[in-house]
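Hi,

Here's the structure I said I'd pass along. Have a look, and my notes are underneath.

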Amino acid sequence: MAPMSTTGGDAAVNPAGTAGEGSAPGAPPGARGGVRLRGVTKTYGDGEAAVRALDGVDLDVGPGELVVVLGPSGSGKTTLLNVLGGIEAPDGGSAEVAGVELAGRRPRGLAGFRREHIGFVFQFFNLVPTLTARENVEVMVELTGRGERREAVALLESVGLGERLDAFPAQLSGGQQQRVAIARALATDPDLLLADEPTGALDVATGKSVLRLLQRTNRQGRGVLMVTHNAAIARIAHRVVTMRDGRVESVTTCDAPADVAAVEW
Ligand SMILES: Nc1ncnc2c1ncn2[C@@H]1O[C@H](COP(=O)(O)OP(=O)(O)OP(=O)(O)O)[C@@H](O)[C@H]1O
């Protein structure tokens, strides 16, 4: 059994996991994508209708970690992902991601942060239906000004889609579409890949092939943080974060996460 430790939410700080220090065990030199959150709050709506989606979140993630975020529906998982990815600014607290402080950043600053540091993978792939696989990857490079357009083919080959470069999303299976989405997310060489239920719409075998890609990406030294309802996936994580009512309920760390091949659900 791999060494594990668990802490409660309020003490959910692993000293070795502080961003910029203590990379994930086994991470290559130059591992990226550390996170340090302190007292992060995010409220939607006003007055009686206000919902405190994040209610004082503290979290440390070392560079090069693969993190799985679990928790019941409405516990704040997607909001956490959106704050980490600079889609939404926190209302309070401090949020340092890949060495950048996000609190107080205006939308323009957040957009720049996303372009430079973050890749996103969504449950329903979010590919542009009128573009081919290759164009879906290329357009990311064009929109962000990061990465190399000519890398699109190599990226699609690396996710096993070298034969389907000119296929449109509707001509691809769900798993193939998700692999295009991963290639697209990697086109800008992000420090941190954020994935919201990346296997949620896929059967087990296809879901595993997607997880293998995410694990490979992580082993190359990028941070990967994945929200899921599938607790079995926690076995591949260096750190499992459980959310409840907008707070971090617990954090479990593991020095030797399982290979995707060993995970069943
Ligand atoms: N744009 C929004 N406007 C108003 N309330 C929101 C908004 N986004 C999220 N919320 C609320 O914030 C809380 C946390 O939502 P969030 O989507 O982060 O939870 P979750 O854990 O990801 O849930 P699920 O597992 O169902 O996706 C919920 O009460 C939700 O209704």
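Below is what turned up, starting with the ligand.

This is a predicted model, with pLDDT of at least 70 needed for local features and 80 or more for side-chain atom pairs, while totals for chains, interfaces and linings use all residues. Numbering runs from 1 along each chain as its sequence is written.

Around the ligand (C-beta atom, placed from the backbone, within 6 Å of it) you'll find residues including Tyr 44, Val 51, Gly 76, Lys 77 and Thr 78. Helix 1 (77-84) and strand 3 (51-61) each give two or more residues to that shell, and helix 1 gives the most, with three. Helices here are DSSP runs of H or I with at least four residues, strands are E runs of at least two, and both are numbered from the N terminus.

Now the sheet. It's open, with four strands in the order 3-2-5-6 and antiparallel pairing (strands pair if DSSP finds at least two bridges between them). Strand 3 and strand 6 (100-101) are at the edges with a single partner strand each, so one side of each has no neighbour in the sheet. Strand 2 (residues 35-44) is joined to strand 3 by eight bridges, and Thr 43 sits opposite Arg 52 of strand 3.

Last, the axes (lines fitted to C-alpha atoms, for helices over the stretch in contact, with angles from 0 to 180 degrees between N-to-C directions) of helix 3 (residues 133-144) and helix 4 (residues 151-158) come within 9 Å and cross at roughly 120°.

Cheers
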